[in-house]
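Biologist: I would like to learn how to read the features of a protein model, one at a time. Could we go through one together?

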Amino acid sequence: MSAGHLWPWGRSEGCCMEGRGLCRKDSSDHNWSVALGREAVKEGRRMWELRISGRTGRMSVGVSKGCDEAVAPTQNGWVSDACDGKVWHYASTGGIRCGKTVLHETGVRFSEGDVIVIGLDVDRGQLHFARSGASPLPVVEVPKGEELFVAVALFMQTGACDLREVPLLSPAPLGQLVAAASMHALAAHDHHMHPPSVPRLSL
């Protein structure tokens with residue numbers, strides 16, 4: 001696999017991996033399946049797109065410390081005392097939490113077909129979320145200089161997400177880049193669902 005297509009996932013529990021970055025839960029048990037990104041972010045800024053598919057009734061995406069409590073959570077998943085101060089996550093029901101502590105109830109749910117954009121600035125201690133077709137969500141504070149992994153937690157059978165890192169080619173504020181990426185993801189989805197009837201010609 002070329003350097004441009006490195007496998008994005010690392011440590012995981014109960015997940016089925018396939019393709020270039022798809023993480024899916026195949027089992028029908030009542031346990032959470034969790035995957036962390038392949039590489040810890042130690043400094044600077046990073047941004048990812050997670051394309052959501054399957055049953056999303058209970059799913060969260062975000063960033064996590066590389067600890068056992070995050071990878072193998074209890075029956076409550078990341079919404080537990082053990083994950084406080086260790087996982088910062090955006091749930092499909094619209095809540096943004098640190099462990100079980102509610103930081104924001106956004107009312108912005110996500111489901112199959114949505115794309116979630118995550119932006120992490122370790123130096124500033126800031127975490128950004130945006131869902132395709134929605135305004136950017138409130139900025140979340142995370143520990144500065146902490147090693148963090150992009151992460152997903154799946155509960156429902158067939159719940160899945162496809163992870164892709166987005167290169168940051170602009171010095172613009174990260175919040176702006178996350179918002180632009182979410183709008184681009186929406187436009188790409190609309191184009192796929194409703195392709196133009198007249199081909200575009202290059203003159």
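**Reading a predicted model**

Modeller: Let us begin with a pair of strands, keeping in mind that this is a predicted model. Strand 8 (residues 95-98) and strand 9 (residues 101-105) run antiparallel and are joined by 4 bridges; in one of these pairings, Ile96 has His104 of strand 9 as its bridge partner.

Biologist: Which residue in the hairpin of strand 8 and strand 9 takes a positive phi?

Modeller: That residue is Gly99, with a phi near 60 degrees, in a hairpin that has 2 residues between the strands. For the wider setting, the protein has 2 helices and 14 strands, and 45% of its 203 residues count as buried.

Biologist: How should I read a nonpolar core, and which residues of the largest one touch the most other members?

Modeller: The general idea is that in soluble globular proteins, nonpolar side chains tend to be buried together. Here the largest nonpolar core has 33 residues, and those touching the most other members are Tyr90, Ile118, Leu120 and Leu127. Among the elements that give two or more residues to this core are strand 5 (45-53), strand 10 (115-121) and strand 11 (126-131). A second, separate core holds 14 residues, including Val34, Ala70, Trp78 and Val87.

Biologist: What does Leu127 touch, leaving aside residues up to four places away in sequence?

Modeller: Its contacts include Val63, Trp88, Ile118, Pro138 and Val142. Across the protein, among contacts between residues at least 6 apart in sequence, 64% join residues at least 24 apart.

Biologist: How many disulfides does a search of the whole structure find?

Modeller: A disulfide is a covalent bond between the sulfur atoms of two cysteines. In this model the search finds 0 disulfides.

Biologist: Why is the sulfur of Cys67 not in a bond with the closest cysteine sulfur?

Modeller: The closest cysteine sulfur to that of Cys67 belongs to Cys83 and is 6.6 Å away, which is too far for a bond, because a disulfide needs the two sulfur atoms within 2.5 Å. Both cysteines are nevertheless buried, Cys67 with a relative accessible area of 14% and Cys83 at 0% relative accessibility.

Biologist: Finally, how do I read a pocket, and which residues lie nearest the centre of the second largest one?

Modeller: Rolling a probe the size of a water molecule over the atoms shows where empty space is left. The second largest pocket holds about 180 Å³ of space, and of its 15 lining residues, Trp32, Arg58, Ser60, Val79 and Ala91 lie nearest its centre. Strand 6 and strand 7 are the elements that give two or more residues to this lining.

Key
Residues numbered from 1 in each chain as written. Predicted model: local features only at pLDDT ≥ 70, side-chain atom pairs only at ≥ 80, totals over all residues. Heavy atoms only, no water. Pairing = 2+ DSSP bridges. Core = buried A, V, L, I, M, F, W, Y, C linked by side-chain atoms within 4.5 Å. Buried < 20%, exposed > 50% of the residue type's maximum accessible area, 1.4 Å probe, protein only. Contact = heavy atoms within 4.5 Å. 1 Å grid on protein atoms, 1.4 Å probe; cavity = no way out; pocket = protein on both sides within 12 Å on 5 of 7 lines; lining within 4 Å. Points joined across faces, edges and corners; volume = space filled by probe spheres on them.
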